[in-house]
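Trainee: I should be grateful for guidance on how to read the features of a structure. May we go through them one at a time?

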Amino acid sequence: MKSPDKIFIRNGDGRNFTFLEIWALAGQMSSALAASGVRTGDRVAVQVEKSPEAITLFLACARLGAIYLPLNTAYTLAEVDYFAGDAEPSAMIVMPERLEAMADLGKRHKVGTMLSLGITGDGTFMDKSRAQPKDLTDAKVGWDDLAAILYTSGTTGRSKGAMLTHGNLTSNALTLIDTWRFSASDVLIHALPVYHTHGLFTATNTLLLSGGTMLFRQKFDAADVMRLMPEATTMMGVPTFYTRLLQHKGLTREATAHMRLFISGSAPLLADTHREFRERTGHAILERFGMTETNMNTSNPYEGERIAGTVGRPLAGVEVRISDPESGEPLSTGEIGMIEVRGPNVFKGYWRMPEKTASEFRRDGFFITGDLGRIDEEGYVSIVGRGKDLIITGGFNVYPKEVESEIDSIAGVVESAVIGLPHPDFGEGVTAVVVRSGKDVLEKDIVKTLESRLAKFKLPKQVIFIDDLPRNAMGKVQKNILRQTYADLYR
Ligand code: AMP
């Protein structure tokens, strides 16, 4: 540890934690877990609010060789029940207010230890940890041992547990430090949740290994983040952070002068947002692409052109290729197909799903991401949507992103989601769900504009106006909800 007394986490509630304090607490937590019967390779399921202790618990598991299994705080008891049954954790650390309600679930799934961890560092797990000695002999864990299981956000079907190794996480953090030039002088605004790979690994591991400081916030609040900027150097966020900052009058060149880098990921950043942000602040947001299963895959460059609407080039050591979704044959430059990745960042497989794992890897080790995209002559990758969002209408393929980009460029349109709905003649009918800023834009205006720009089969059969697109906590538009809501539109 280079600077043990340096602050690693400055929490929103005023509590500060140095690197040494975090390390020592991780040792105590680790001993508390061991005293509760947790052994190397056991799963520790964690459903707690964001706090420095929640992150420390991840480090505690790593030091013990146990597998950290964070769960979205929004998951209901019934959902947690599924995860507990699937992962068979030997310990669960939960929000204090849930401890009682979890007791029965814990018994049924033979969870040996059920303790609590609260937002201010309170709870039975913390009491037990603080009573432990601070020195700890770390378990010997290898590059290939599991560090975490993260259940995918699963916008369709059953959530799958992505098994991530120490090698996956460490190699990716080191690559990101290099790519994004992180150092001990960085101060990161961290307003992301810590049950998801973005806030947990991309942000935390990168700052941990570079020796920087994180400013922890429970949630994103534009005014609050604006106040932090003069003392920060970087921010990692989802696109909604940036659209909300743009709505804040205080967002100016001066207000962001101390910042060196704004990073966006987890969902597509609209080219308009990129442009407006640059106009207002002089900063070109750096967009990158990753997944729970793969950590980060591609990034726009630190130096060099950050191209709006692309997710940049493959990271050092990561291979990206585009293949025919059906045959798996490689496609040429510019052609749209399945994005596949291979590298030290790619996960080990889905927990207890060997067949699912096998079906999502090619024989030569490339992981089939499920995202459709293309690579241009300069090597920049663009994502055109999830494979399952591809619309097949009258036998023609329609990539929703292409239609969405055209709709979004119409004055008065805020954003759009294009989906395929069951249609008696066409199989699927292209349907546009649109958010507009006033009532001036009408369905006929949109269709008329699109007619001059897109082939007829790509045109929406209907345009639906709504106030807001449904999004999950990571800012991803939930097209499955739209498809369910409007399932009977053409029937
Ligand atoms: P998750 O596992 O929750 O991180 O979701 C991963 C998925 O988010 C990817 O497979 C993409 O579909 C999407 N995603 C992540 N980053 C981006 C990005 N920069 N642009 C578009 N989609 C993205």
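Trainee: Which backbone atom lies 3.2 Å from a nitrogen atom of the ligand?

Mentor: First, a word on the source: this is a predicted model, in which local features need pLDDT of at least 70, side-chain atom pairs count only at pLDDT 80 or more, and totals for chains, interfaces and linings use all residues. Residues are numbered from 1 along each chain as its sequence is written, and side-chain values use heavy atoms, with hydrogens and water left out. A polar contact with the ligand is a pair of N or O atoms within 3.5 Å. Here, a polar backbone atom of Ser266 is 3.2 Å from a ligand nitrogen. Oxygen atoms of the ligand are also reached: one lies 2.9 Å from a side-chain N or O atom of His196, and one lies 2.9 Å from a polar side-chain atom of Lys476.

Trainee: How much of the ligand's exposed area does the protein bury?

Mentor: Accessible area comes from the Shrake-Rupley method with a 1.4 Å probe. The ligand taken alone exposes 490 Å², and the protein buries 91% of that.

Trainee: Which residues of the shell are closest to the ligand?

Mentor: A residue belongs to the shell if one of its heavy atoms lies within 4 Å of the ligand. The shell holds 17 residues, and the closest are Glu287, Arg288, Thr292, Asp371 and Lys476.

Trainee: Which strand gives the most to this shell?

Mentor: Strands are DSSP runs of E with at least two residues, and helices are runs of H or I with at least four, numbered from the N terminus. Strand 13 gives the most, with 5 residues. Strand 13 (286-291) and strand 20 (381-386) each supply at least two.

Trainee: In what order do the strands of the 9-strand sheet lie?

Mentor: Strands of a sheet pair through backbone hydrogen bonds, either parallel or antiparallel. Two strands are counted as paired if DSSP finds at least two bridges between them. This open sheet has the order 2-1-10-9-11-12-13-14-15, with mixed pairing. Its edges are strand 2 (16-18) and strand 15 (313-314), each pairing on one side only. Within it, strand 9 (187-190) and strand 10 (213-216) run parallel, joined by 4 bridges; His190 has Phe216 of strand 10 as its bridge partner.

Trainee: Which strands does helix 6 lie across?

Mentor: Contact means heavy atoms within 4.5 Å. Angles run from 0 to 180 degrees between N-to-C directions, with axes fitted to C-alpha atoms, for helices over the stretch in contact. Helix 6 (residues 166-180) lies across strand 11, strand 12, strand 13 and strand 14, running at about 30° to strand 14.

Terms used: Polar contact = N/O pair within 3.5 Å; in protein donor to acceptor, adjacent residues only side chain to side chain.
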